[in-house]
Amino acid sequence: MARGHTVDVVDTMHCYMDITSSRPSVRYKGKALPKYDAVIPRIGASVTFYGTSVVRQFEMTGTFSINESVAISRSRDKLRSLQLLSRKGIGMPRTGFANHPDRIDDLIKNVGGAPVVIKLLEGTQGIGVVLADTQKAAEAIIEAFMGLNASILVQEFIEEAGGADIRCLVVGGKVIAAMKRQAAEGEFRSNLHRGGVAKIVRLSPQERKTAVDAAKTMGLNMCGVDLLRSKNGPMVMEVNSSPGLEGIETATGKDVAGMIFEFIEKNAKPNRTRTKGKG
Ligand SMILES: Nc1ncnc2c1ncn2[C@@H]1O[C@H](COP(=O)(O)OP(=O)(O)OP(=O)(O)O)[C@@H](O)[C@H]1O
Ligand SMILES: [Mg+2]
């Protein structure tokens, strides 16, 4: 490619490993993969368990992974992520979660009462994210989800965000690109899949710091941090370890992929993985 690198695209789910070997390797289509300088994991949410084990195996071979397996697993667990962010004092919407509360009314009141946002833990692209305007509606929705044995999260509704969120792309401890996604008319979810529109945005120093702190808390070198602009400052909604690049490159006109390669060129020394999959 343009920067003089050779790139192989490898389907994570078709990688297999010989774990007992004293010389660890990753095998693919009948052969051991060459010893790469670096890997860029793109692990879909539905394959986190197997995907992170493949990344861990690359780490054991000494290959640099832009995001470590441990950090990917950490960020994939929405509840754990919010707990870690809260421990670091990073702004986030007040959030409650429960498996089978016998006091649903209290769960709702505890995040400030209606209106609240109720989210399915496994939801993505805005599906499974519901706005409940009243206490009664919130209780009914939570009861319905629980009847289906779905894990949920109840969150303070940040109305002043006006149906917009900010996606910050953090690479190597810096925000290298940011876009604002505005929801379609009459919709509070800004997901592009739900008709949201993306535009370039200027971040305040506090927003920049929040995004960088969130990435650092997760231990991710490259990630998308989604913020809501609230009257109490930026609030982190999510940290995504496999952020899409196309949308943000189009919205900002920046060569995001180029900047990711630059980071790898500077940092991909063998055995630079901090955890080597431990912990
Ligand atoms: N607490 C909130 N207050 C205001 N708006 C919210 C809140 N939570 C979510 N939203 C809006 O709904 C959208 C979808 O929510 P969220 O990003 O949590 O779910 P998702 O996109 O389905 O999941 P994921 O981002 O994990 O793939 C957000 O982009 C945001 O615009
Ligand atoms: Mg989202």
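Two strands are taken as paired if DSSP finds at least two bridges between them. On this basis, in the predicted model, strands β10 (residues 164-171) and β11 (residues 174-182) form a hairpin with 2 residues between them. Gly172, in the turn, has a positive phi of about 60°. The two strands of the hairpin run antiparallel and are joined by 8 bridges. Within this pairing, Ile166 of β10 has Lys180 of β11 as its bridge partner.

Strand β10 also pairs with β13 (residues 222-230), again in the antiparallel sense. This second pairing comprises 6 bridges, and in it Leu169 is partnered by Gly224 of β13. β10 is mostly covered, with 8 of its 8 residues buried. Its side chains divide between two directions: Ala164, Ile166, Cys168 and Val170 point one way, whereas Asp165, Arg167, Leu169 and Val171 point the other way. Both sets are buried, the charged residues Asp165 and Arg167 included. The two residues named above for their bridge partners, Ile166 and Leu169, thus belong to opposite sets.

A separate description applies to the open sheet of 3 strands, which has the order β1-β2-β3 and antiparallel pairing. Strands β1 (15-17) and β3 (31-32) each have a single partner strand and stand at the edges, so one side of each lacks a neighbour in the sheet. β2 (residues 26-28) is joined to β3 by 2 bridges, and Tyr28 stands opposite Lys31 of β3. Helix α1 (residues 48-60) lies across β1 and β2, and runs at about 60° to β1.

The helix pairs were examined next. Two packed helices are described by the angle between their axes and the distance between the axes. Helix α1 packs against α2 (residues 69-76) at an angle of about 160°, the axes being 8 Å apart. The two helices are therefore roughly antiparallel to each other, since their angle is over 145 degrees. The crossing of α1 and α2 is right-handed. On the α1 side the contact is made by Thr48, Thr52, Val55, Arg56 and Glu59, and on the α2 side by Ser69, Ile72, Ser73 and Arg76. By class, this contact has 2 nonpolar, 4 polar and 3 charged residues.

Helix α2 also packs against α3 (residues 78-87). Here the angle is about 95° and the axes are 5 Å apart, which makes α2 roughly perpendicular to α3. Arg74, Ser75 and Arg76 of α2 meet Lys78, Arg80, Ser81 and Leu84 of α3 in this contact. The residues involved comprise 1 nonpolar, 2 polar and 4 charged. Arg76 of α2 takes part in the contact with α3 as well as in the contact with α1.

The axes of α3 and α6 (residues 205-218) come within 10 Å and cross at roughly 120°. That angle makes α3 oblique to α6, and the crossing is right-handed. α3 contributes Ser81, Leu84 and Leu85 to the contact, and α6 contributes Ala214, Thr217 and Met218. The contact of α3 with α6 contains 4 nonpolar and 2 polar residues, and no charged residues. Ser81 and Leu84 of α3 are present in the contact with α6 and also in the contact with α2.

Technical notes
Residues numbered from 1 in each chain as written. Chains lettered and ligands numbered in written order. Predicted model: local features only at pLDDT ≥ 70, side-chain atom pairs only at ≥ 80, totals over all residues. Heavy atoms only, no water. Buried < 20%, exposed > 50% of the residue type's maximum accessible area, 1.4 Å probe, protein only. Helix = DSSP H or I, 4+ residues; strand = E, 2+ residues; numbered from the N terminus. Axes fitted to C-alpha atoms, helices over the stretch in contact; angles between N-to-C directions. Parallel < 35°, antiparallel > 145°, perpendicular 65-115°, else oblique. Left-handed = near helix turned anticlockwise from the far one by under 90°. Contact = heavy atoms within 4.5 Å.
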